[in-house]
Amino acid sequence: MAPVGSKRGVLERLGSGEVVIGDGGFVFALEKRGYVKAGPWTPEAAAEHPEAVRQLHREFLRAGSNVMQTFTFYASDDKLENRGNKLTFTGQQINEAACDLAREVANEGDALVAGGVSQTPSYLSCKSQDEVKKIFKKQIDVFIKKNVDFLIAEYFEHVEEAEWAVQVLKATGKPVAATLCIGPEGDMHGVTPGECAVRLVKAGADIVGVNCHFDPMTCVKTVAMMKAGVEKAGLKAHYMTQPLAYHTPDCSCQGFIDLPEFPFALEPRILTRWDMQHYAREAYKAGIRYIGGCCGFEPYHIRAVAEELATERGTLPEASEKHGMWGSGLEMHTKPWVRARARRDYWEHLKPASGRPLCPSMSTPDGWGVTRGHAELMQQKEATTAEQLRPLFQKSDAKH
């Protein structure tokens, strides 16, 4: 077990050209396992069911992750108390438990701990910059107390709020990464990916990129636009991408939360491990060196990323002991037609069927077109009422 502070930091690794592999989608993975509630998406499992969070960290570490990101997504007090969400744990308890779990597992391998903050209901409700920054500061105090290795501001739809987060994180003196949940169209107010990246770098971010909301290739394209914007401005940064594990060719600027299938019927869109190898290669070719995943990513997806970049990284992940490269383990199968699939060209060119004869290949996104400042996005502590839901149901039914 390596003592805290003895490992090479994230900027040292990236600066030397090393590939840093992130982890996957804790919120979605733990929701499927019965530890997270869809809707609020809050991470009380870190304090409530630490064994579940610890095990998922370990699986990502075994799959090749170099970063154990604290399970603190949406762990700000204003989100924990939003719309009638009642918890028996405080934000501080959840954040502290998440830090301890991430550190415990990171010390079992060559992994770093990243403390993460995300967008707030307060920003959507048009609270002031000072009010929003106080929310970030409260979380940051825990990360400093627990001495995380670096900080991530992730899942921001508006670059303005991300800038505020970066400014708070940068004041700690620790390395800062910032990822927006945007696609090629830019943030929810139409700020282009290139301009978003420039603003984040100027705010103090050392690493910039995107996470969530879109599929891997859309995210690689978006980060390439960010990289071009930063370079045109004469600035320098490292780049990262942590996309969805779902195909989203039909998404608009709001990403997958606009899809009718969100969040309970997305499984037909899941990427295969071979899709993930393609993602890893394309991200690497685009100059992205921090490559991870978000919602939908399971440990086997991260293993695929690590296997694709094994030559560049100089090692295979521990989990590859139970996985033959490009299906080679199938050579031991009892059935000859399955043994015939033990080759790269079979899996690389396969077009998987959905098995759903009447399903469309694409969906029509909801596209309600509301963002910060719109009355429907004003948040509240009280539970959503039937009166508030009725017009939403009617509006949704009219679109579908």
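K227 and E231 sit in helix α11, four residues apart, which is about one turn of the helix. An α-helix has 3.6 residues a turn, so residues three or four places apart point the same way. In this predicted model, the side chains of K227 and E231 meet in a salt bridge, with 2.8 Å from N to O. Both partners are partly exposed: K227 has a relative accessible area of 22%, and E231 has 46%.

That pair belongs to a total of 22 salt bridges in the structure. Let me turn to another of them, formed by R13 and D110, whose closest N and O atoms are 3.0 Å apart. This pair links distant parts of the chain, since R13 belongs to helix α1 (residues 10-15), while D110 is in the loop between α6 and β3 (112-118), 97 residues apart. Are R13 and D110 buried or exposed, or something in between? R13 counts as buried, at 1% relative accessibility. D110, with a relative accessible area of 45%, is partly exposed.

A third salt bridge joins the side chains of D345 and R343, at 3.2 Å from N to O. D345 counts as partly exposed at 43% relative accessibility, and R343 likewise counts as partly exposed at 38%. Elsewhere, salt bridges with shared partners connect R54, R58, E104 and E108 into one network.

Not every charged residue has such a partner. D187, in the loop between β5 (176-180) and α10 (193-203), is buried yet has no salt bridge. Which side chain of opposite charge is nearest to D187? It is R199, and the distance is 6.0 Å. A salt bridge requires the nitrogen and the carboxyl oxygen to be within 4 Å, so the R199 side chain does not qualify.

What, then, does the side chain of D187 reach? It reaches the backbone nitrogen of V191 at 2.9 Å. A polar atom of the D187 side chain also lies 2.9 Å from the backbone nitrogen of H189. Setting aside residues up to four places away in sequence, D187 touches E157, H158, V159, I182 and C196.

I now move to the nonpolar interior. The largest nonpolar core has 97 residues, and the members that touch the most others are F71, L180, L200 and F256. Helix α6 (residues 91-106) supplies the largest share of this core, eight residues. Another core, of twelve residues, lies apart from it and includes L14, L112, F150 and M240.

To see what surrounds one of those central members, consider L180. Beyond residues up to four places away in sequence, L180 touches F156, V159, A162, C196, L200, G209, V210, N211 and M226. C196 therefore appears in two of our lists: it is touched by L180 and also by D187, the buried residue without a salt bridge.

Next, the annotated cysteines. An unreviewed UniProt entry places the feature "binding site" at C212, C294 and C295. These residues span 84 residues in sequence, yet no two of their C-alpha atoms are more than 6.3 Å apart, so they gather at one spot.

C212 is found in the loop between β6 (207-211) and α11 (216-232), and α11 is the helix that holds K227 and E231. C212 counts as buried, at 2% relative accessibility. Which residues does C212 touch, not counting residues up to four places away in sequence? They are Y155, C181, C219, Q242, P243, L244, F256, C294 and C295.

C295 lies in a loop as well, between β8 (290-291) and α13 (299-308). At 9% relative accessibility, C295 too counts as buried. Leaving aside neighbours within four places in sequence, C295 is in contact with G25, F28, C212, P243, L244, A245, Y246 and F256. F256 thus touches C212 and C295, and F256 is also among the members of the largest core that touch the most others.

I finish with helix α13, on the far side of the C295 loop from β8. How many of the residues of α13 are buried? Nine of its ten are, and the helix is mostly covered. The buried ones are P299, H301, I302, R303, A304, V305, A306, E307 and E308. They pack against β1 (20-21), α4 (50-63), α12 (273-285), β8 and α14 (310-313).

Conventions. Residues are numbered from 1 along each chain as its sequence is written. This is a predicted model: local features need pLDDT of at least 70, side-chain atom pairs count only at pLDDT 80 or more; totals for chains, interfaces and linings use all residues. Side-chain values use heavy atoms; hydrogens and water are left out. UniProt positions are given in the numbering used here, feature names are shortened, and annotations may be inferred rather than shown by experiment. Helices (H or I, at least four residues) and strands (E, at least two) are DSSP runs, numbered from the N terminus. Buried means under 20% relative accessible area, exposed over 50%, partly exposed in between (1.4 Å probe, protein chains only). Contact means heavy atoms within 4.5 Å. A nonpolar core is a set of buried Ala, Val, Leu, Ile, Met, Phe, Trp, Tyr and Cys residues joined through side-chain atoms within 4.5 Å. Lys and Arg count as positive and Asp and Glu as negative; His and the chain ends are not counted. A polar contact is a pair of N or O atoms within 3.5 Å; within protein, one must be able to donate a hydrogen and the other to accept it, and residues adjacent in sequence count only if both atoms are side-chain atoms.
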